[in-house]
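Hi,

Here is the structure I promised to pass on. Have a look, and my notes follow below.

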Amino acid sequence: MARLNPARSRGFTLIELLVVLAILVLLLTLAAPRYFSGVDRAKEAALKQDLAVVREAIDKFYGDQQRYPESLAELAERKYLRSVPVDPLTESVDTWAIVPPAGDLPGAVYDLHSGATGNAADGSAYADW
């Protein structure tokens with residue numbers, strides 16, 4: 001009866017380790033791009049939702065006060081928003097691009113856009129949303 005050498009039967013060979021590592025690398029190259037594109041899609045969806053909520057708050061403020069707010073902070077101070085939202089693409093509350101009202105309408109905030117540069121997955125510019 002052949003006896004196995006206990007020192008030889010423990011562990012893995014170099015070939016086995018290389019095969020396992022190659023499989024892991026292959027799986028990561030397939031999964032990583034999907035993960036990062038999913039993160040980008042989530043940020044775009046959050047931006048669209050934030051813009052819709054803030055624009056609705058601006059409209060309600062104008063309906064109540066008969067003027068546009070002087071700043072986004074005024075919307076939060078008067079409880080039209082809980083707080084000024086963070087731009088999900090720039091991760092800052094200070095990068096919103098404020099559009100003033102046309103003509104001689106009172107106030108300073110008629111609309112807002114993201115201050116992020118670049119384009120969305122559909123090819124449109126973030127600044128145009």
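Which residue follows α2, and is its phi positive or negative? It's Gln 66, with a positive phi near 60 degrees.

Before the rest, some housekeeping. This is a predicted model, where local features need pLDDT of at least 70 and side-chain atom pairs count only at pLDDT 80 or more, while totals for chains, interfaces and linings use all residues. Residues are numbered from 1 along each chain as its sequence is written, and side-chain values use heavy atoms, with hydrogens and water left out.

Now the helix itself. α2 (helices being DSSP runs of H or I, at least four residues, numbered from the N terminus) has 52 residues and reaches 74 Å from first C-alpha to last. That is close to the 76 Å expected at 1.5 Å a residue, taking 1.5 Å times one less than the number of residues. There's a kink of about 25 degrees at Ala 31, shortly before Pro 33; the bend is the angle between axes fitted to the seven residues ending there and the seven starting there.

Leu 24 also sits in α2, and counts as partly exposed because its relative accessibility is 45%. Buried means under 20% relative accessible area, exposed over 50%, partly exposed in between (1.4 Å probe, protein chains only). Buried residues of α2 include Glu 44, Leu 47 and Phe 61.

Over in α3, you'll find Glu 74, which is buried at 8% relative accessible area. Leaving aside residues up to four places away in sequence, Glu 74 touches Phe 61, Arg 67 and Pro 69 (contact is heavy atoms within 4.5 Å).

Cheers

Definitions and conventions:
Helix = DSSP H or I, 4+ residues; strand = E, 2+ residues; numbered from the N terminus.
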